[in-house]
Amino acid sequence: MMTHLFITITVQEGEFEHTHKILHTTNCINLEFAVQWYCAHFWGFGERIDNWWWWDYVHCGRVDNWKIVSDEDFEVLSKYL
């Protein structure tokens, strides 16, 4: 069964910081792992600093928040993100 996730990632590039809001669909049973995997591969391949932080020599990112969204919410949000 596919699960829809809404993930918020904060990315830091030097002194600049910006937030990415992502809709992600997964059939992974361990949703925390699915979120961590998505963040680690957000720029390609990133090295893990701890459970919620990654870096790829230029960017440093962290998962701020994630939650499961319903099929209906996914459809609505996918029009705006």
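# Notebook: looking around a predicted chain

I started with the outside: the chain exposes about 5500 Å², and carbon and sulfur atoms supply 55% of that. Accessible areas here come from the Shrake-Rupley method with a 1.4 Å probe, and for residues only the protein chains shown count as cover.

Note to self: this is a predicted model, where local features need pLDDT of at least 70 and side-chain atom pairs count only at pLDDT 80 or more, while totals for chains, interfaces and linings use all residues. Residues are numbered from 1 along each chain as its sequence is written, and side-chain values use heavy atoms, with hydrogens and water left out.

**Overall layout.** I looked up the secondary structure and found two helices and five strands. Helices (H or I, at least four residues) and strands (E, at least two) are DSSP runs, numbered from the N terminus. Going along the sequence, I read the pattern β-β-α-β-β-β-α.

Next I checked burial. Buried means under 20% relative accessible area, exposed means over 50%, and partly exposed is in between (1.4 Å probe, protein chains only). Of the 81 residues in the chain, 35% are buried.

Then contacts, meaning heavy atoms within 4.5 Å. Looking at contacts between residues at least 6 apart in sequence, I saw that 47% join residues at least 24 apart.

**T3 and L31.** T3 sits in strand 1, which covers residues 3-13. Is T3 buried or exposed? T3 counts as buried because its relative accessible area is 17%. Leaving out residues up to four places away in sequence, T3 touches H24, T25, T26, L31 and I68.

So I followed one of those partners, L31. I found L31 in helix 1, residues 31-40, and L31 is buried too, at a relative accessible area of 15%. Beyond its neighbours within four places in sequence, L31 is in contact with T3, L5, T26, W66 and I68. I also noted K67: it is 36 residues from L31 along the chain, with 9.3 Å between their C-alpha atoms.

**Y38.** Y38 is in helix 1 as well. Which residues does Y38 touch, not counting those up to four places away in sequence? I listed I7, I9, I22 and H24. The C-alpha atoms of Y38 and I7 are 9.1 Å apart, with their positions 31 residues apart along the chain.

**The tail end.** L81 lies in the segment after helix 2. L81 counts as partly exposed because its relative accessibility is 49%. Setting aside residues up to four places away in sequence, L81 touches F6, K21 and L23. L81 and H20 are 61 residues apart in sequence, and their C-alpha atoms are 9.6 Å apart in space.

**Charges.** How many salt bridges does the structure hold? I found one, a salt bridge being a side-chain nitrogen of Lys or Arg within 4 Å of a carboxyl oxygen of Asp or Glu. The side chains of D64 and R62 form it, at 2.8 Å from N to O. D64 is partly exposed at 37%, and R62 is partly exposed at 24%.

I also spotted a surface patch of negative charge made by D71, E72, D73 and E75. Patches are made of residues with over 30% relative accessible area and no salt bridge; like charges are joined within 9 Å, and nonpolar side chains (Val, Leu, Ile, Met, Phe, Trp, Tyr) within 5 Å. Asp and Glu count as negative and Lys and Arg as positive, with His and the chain ends not counted. The place of a charge is NZ of Lys, CZ of Arg, CG of Asp or CD of Glu. From this patch I picked E72, which is in helix 2, residues 71-78. E72 counts as exposed, at 57% relative accessibility.
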